[in-house]
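Thanks for making time this morning. I would like to walk you through one model, going from its strands to its interior, and I will try to keep to what the coordinates support.

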Amino acid sequence: MKMFLISDNVDTYTGMRLAGVEGVIIHSKDHLEEQLKAAVADKSIGIILITEKLEQDFPDIINDVKLHRRLPLIVEIPDRHGTGRNPNFITDYVSQAIGLKL
């Protein structure tokens, strides 16, 4: 199975292409729906990489695929601006999961 990138910027797309990952650059909700539908229909794609900005801008579209399909796996990745999460997101996540302050 292969990976496929759905990105909102050229820099992330270019970096992933250099790593051998094919993909598309998205600038509208309609284009995202169209490309996501095509990627989900392609049985050779096992992982869809999607930039955090698209995940934040269009959560309804992406969550629908995450909730109703086993494959492909959708993985949110940071783009050239870094992650949109706070610096201690891993510590906070672990604290919430086990109920102890670290």
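**From strand pairing to the core**

Let me begin with strands β1 and β2, the latter covering residues 22-25, which run parallel and are joined by four bridges. Within that pairing, Phe 4 is placed opposite Glu 22 of β2. To get from β1 to β2 the chain passes through helix α1, residues 10-18, and the resulting β-α-β crossover is right-handed. I should say at once that this is a predicted model, and please keep that in mind throughout.

Stepping back to the whole protein chain, we have five helices and four strands, and along the sequence they follow the pattern β-α-β-α-β-α-α-β-α. Of the contacts with a separation of 6 or more, 62% are between residues 24 or more positions apart. Buried residues account for 34% of the 102 residues, while the accessible surface of the chain is about 6800 Å², with 56% of that belonging to carbon and sulfur atoms.

Now to the interior. In soluble globular proteins, nonpolar side chains tend to be buried together. Here the largest nonpolar core has 17 residues, and those with the most contacts inside it are Ile 6, Leu 32, Leu 36, Ile 48, Ile 50 and Ile 74. At least two residues of this core come from each of β1, α2, β3 and α4, with α2 giving the most, namely four residues. Apart from this core there is another one, of five residues, including Leu 5, Met 16, Val 21 and Leu 49.

If you want one residue to follow on the screen, take Ile 48: setting aside its neighbours within four places in sequence, its contacts include Phe 4 and Ile 6, then Leu 36, Ala 39 and Val 40, and finally Pro 72, Leu 73, Ile 74 and Val 75.

The last element I want to look at is helix α4, residues 59-68, and the question I would put to you is which of its residues are buried. They are Ile 61, Ile 62 and Val 65. Viewed down the axis of α4, these buried residues fall within an arc of 90 degrees, and they therefore line one face of the helix. That buried set packs against α2 (29-41), β3 (45-51), α3 (52-57) and β4 (73-77), whereas on the other side of α4 we find Leu 67 and His 68 exposed.

I will stop there and take comments.

Conventions: Residues numbered from 1 in each chain as written. Predicted model: local features only at pLDDT ≥ 70, side-chain atom pairs only at ≥ 80, totals over all residues. Heavy atoms only, no water. Buried < 20%, exposed > 50% of the residue type's maximum accessible area, 1.4 Å probe, protein only. Arc of directions from axis to C-beta. Contact = heavy atoms within 4.5 Å. Core = buried A, V, L, I, M, F, W, Y, C linked by side-chain atoms within 4.5 Å. Areas by Shrake-Rupley, 256 points an atom, 1.4 Å probe, with all protein chains shown as cover. Pairing = 2+ DSSP bridges. Right-handed = clockwise from strand over helix to strand, strands pointing away.
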